[in-house]
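Subject: Structure handover

Hello,

Please find the structure below, with the sequence alongside. My notes come after it.

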Amino acid sequence: QVQVVESGGGLVQAGGSLRLSCVASGNFFSLNAMGWYRQAPGKQRELVATITSSGSTNYADSVKGRFIISRDKNTVDLQMNSLKPEDTAVYYCNANLARTSWNRRDYWGQGTQVTVSS
């Protein structure tokens with residue numbers, strides 16, 4: 001009943017840009033923070049950027065100054081600039097929401113592959 005769907009991944013050369021988009025849809029009581037996480041082979045999943053319903057943002061140090069997260073209601077975008085090979089990972093959209101007033105939890109998209117060639 002809740003779907004979180006990412007789009008926009010692909011292959012790009014180092015120094016290039018990509019824009020990821022995510023939409024949370026379905027019936028839910030409230031939608032709180034949304035964000036992006038990524039996981040590269042052999043590494044733990046890490047936070048990339050988050051944004052609250054009020055617009056407060058949080059970025060990983062590794063992407064500050066290069067990535068910009070934005071939000072419009074139930075959509076969240078990630079503009080990725082000056083991409084580096086180390087940005088290569090599967091990027092996952094996260095939506096913290098409550099289907100009812102009492103059961104808030106995280107919902108995840110299926111992930112979208114971002115590959116940055118050196």
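What follows is a short account of the strands and of one tyrosine. Please keep in mind that this is a predicted model.

The open sheet

One open sheet holds 4 strands, in the order β1-β3-β8-β7, and its pairing is antiparallel. Its edge strands are β1 (2-7) and β7, each of which pairs on one side only. On average, neighbouring strands of this sheet are turned by 15 degrees against each other, direction ignored.

Within that sheet, β7 covers residues 67-72 and β8 covers residues 75-80; the two run antiparallel and are joined by 6 bridges. If you want to trace the pairing by eye, Phe-67 has Met-80 in β8 as its bridge partner. Further along, Ser-70 is found opposite Asp-77 in β8. The two strands make a hairpin with 2 residues between them. Lys-73 sits in that turn and has a positive phi of about 60 degrees.

As general background, strands of a sheet pair through backbone hydrogen bonds, in either a parallel or an antiparallel way.

Strand β4 and its partners

Strand β4 spans residues 30-39 and pairs with strand β9, residues 89-98, in the antiparallel sense over 8 bridges. One pair to look for here is Leu-31, whose bridge partner in β9 is Leu-97.

β4 is also joined to strand β5 (residues 46-51), by 5 bridges and again running antiparallel. In this pairing, Trp-36 stands opposite Ala-49 in β5. β4 and β5 form a hairpin too, with 6 residues between them. The turn contains Gly-42, which has a positive phi of about 80 degrees.

Tyr-92

Strand β9 contains Tyr-92. Is this residue buried, exposed or partly exposed? Tyr-92 has a relative accessible area of 21%. Buried would require under 20% and exposed over 50%, so Tyr-92 counts as partly exposed.

Which residues does Tyr-92 touch, leaving aside those up to four places away in sequence? They are Glu-6, Gly-35, Trp-36, Tyr-37, Gln-39, Trp-108, Gly-109, Gln-110 and Gly-111. Among them, Trp-36 is the residue that stands opposite Ala-49 in β5.

A last point on Tyr-92 concerns Arg-19: the two are 73 residues apart in sequence, and their C-alpha atoms are 13 Å apart in space.

Regards

Definitions and conventions:
Residues numbered from 1 in each chain as written. Predicted model: local features only at pLDDT ≥ 70, side-chain atom pairs only at ≥ 80, totals over all residues. Heavy atoms only, no water. Pairing = 2+ DSSP bridges. Axes fitted to C-alpha atoms, helices over the stretch in contact; angles between N-to-C directions. Buried < 20%, exposed > 50% of the residue type's maximum accessible area, 1.4 Å probe, protein only. Contact = heavy atoms within 4.5 Å.
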